[in-house]
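Student: Could you walk me through this structure a bit at a time? I'd like to go from the pockets to a few single residues.

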Amino acid sequence: MRIATWNVNSLKARLEKVEWWLERAAPDILLLQETKLSDADAPIMAFAMAGYDIVHHGEGRWNGVAIAVRSGTSVTAAQANFGDGPVRDTSAGARGGGSEDDFDPFREARLLAATVTLPGAVPIRVASVYAPNGRVVGSPFYHGKLAWYDRLERWLAAEISTGQPFLVGGDFNIAPSDEDVWDPRAVHGGTHVSAPERAAFARLLDLGLIDAYGSRRTERGRFTWWDYRAGNFHKNFGMRIDHLLATPDVAARTAWAEIDREARKGKPIPSDHAPLIVDLDAPGREIDAGWGGAGERIAARRGYRPD
């Protein structure tokens, strides 16, 4: 079983790239973030043509999460927004949708969970999350991010207590350690790396969740996000802020893990995130993620050379 997570930074704008990647990597379950669509605009037909069903939780112009599964897969017990009720409508022309600066993370489309059962497989509970960015340390956006993490922690504790195999993945907007950024000095004091944020992420692990990628891969300089500006991707000035966290029974099944750097390249314009993949029980379709040939090119640009 191949499970991946990917912040696509607008599913409408990146749909062609997503279709290409579904064919390339053949995931069984793909967790998507920042779809920036309403549920009515989710590209159900395009995914069906690619051999996938999609469950979507969106609000319109911002945020949005989804779970795509191979056609014929059972998807049950879907839950959005922690089960706390509806989110705002930020579709174009919507009344009361407000602006992006009208920040209330508990009214935004940031979490979708479902129980997924592939043919012949044990059911697994999965969740796609898109954590708030935080913008500036000490700002209302930052404090809202920490409050949202408190709610996520409580929700995860309840999910884990059921004993069902469970995996939560997505864009957590936190680099858990200095090893997860290209230069700790350059980002010191900013969001994504502040002590309260890292402590919030650590509390998720304290619930018993395991970093499925980090448990398999120890190379330095393998990131999931790079700013579009200043050639940061080509210099590998990035962060590992996308994660797949699993209960121990699921993590023990991890046979392979990778960050697909190739998906961050080429045309049409890619997302600023790369897909993060784990294979359970046995390796899935073989792909060249592009790290092997990137080191010398990155070094020549005076960038952060990955292992």
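**Pocket, residues and sheet**

Tutor: Let us start with the second largest pocket, which holds about 260 Å³ of space, and keep in mind that the model we are looking at is predicted.

Student: OK, which residues line the second largest pocket?

Tutor: Its lining is made up of N9, W182, A186, V187, W225, D227, Y228, R229, N232, F237, M239 and D272.

Student: And how many of the lining residues are nonpolar, polar or charged?

Tutor: Sorted by class, seven residues of that lining are nonpolar, two are polar and three are charged.

Student: Switching topic: where is N7 found?

Tutor: N7 belongs to strand β1, which covers residues 2-7.

Student: Is N7 buried or exposed?

Tutor: N7 counts as buried because its relative accessible area is 0%, and the cut-off for buried is under 20%.

Student: What does the side chain of N7 make a polar contact with?

Tutor: The partner is the side chain of D171, at 2.9 Å. If we set aside the neighbours within four places in sequence, the residues in contact with N7 are Q33, E34, Y130, D171, D242, S271 and H273, and so D171 turns up in that list too.

Student: Now the sheet: what is the order of the six strands?

Tutor: The sheet is an open one, running β5-β6-β7-β8-β12-β9, and its pairing is mixed. At its edges are β5 (74-80) and β9 (210-211), each of which pairs on one side only.

Student: How many bridges are there between β9 and β12?

Tutor: There are two bridges, and β9 pairs with β12, residues 242-246, in the antiparallel sense. Within this part of the sheet, I210 is placed opposite A246 of β12.

Student: What about E108, where is its place?

Tutor: E108 sits in the loop that runs between β5 and β6 (111-117). With a relative accessibility of 2%, E108 is classed as buried, and a polar contact of 2.7 Å links its side chain to that of R110.

Student: Last one, A26: buried or exposed?

Tutor: A26 is buried because its relative accessible area is 13%, which is under the 20% cut-off. This residue lies in the loop between α1 (11-25) and β2 (29-33).

Student: Which residues is A26 in contact with, leaving aside its neighbours within four places in sequence?

Tutor: Those residues are R2, W21, Y52, R70 and R285. As for G293, it lies 267 residues from A26 in sequence and 23 Å from A26 in space, taken from C-alpha to C-alpha.

Conventions. Residues numbered from 1 in each chain as written. Predicted model: local features only at pLDDT ≥ 70, side-chain atom pairs only at ≥ 80, totals over all residues. Heavy atoms only, no water. 1 Å grid on protein atoms, 1.4 Å probe; cavity = no way out; pocket = protein on both sides within 12 Å on 5 of 7 lines; lining within 4 Å. Points joined across faces, edges and corners; volume = space filled by probe spheres on them. Nonpolar A, V, L, I, M, F, W, Y, C, P; charged D, E, K, R; others polar. Helix = DSSP H or I, 4+ residues; strand = E, 2+ residues; numbered from the N terminus. Buried < 20%, exposed > 50% of the residue type's maximum accessible area, 1.4 Å probe, protein only. Polar contact = N/O pair within 3.5 Å; in protein donor to acceptor, adjacent residues only side chain to side chain. Contact = heavy atoms within 4.5 Å. Pairing = 2+ DSSP bridges.
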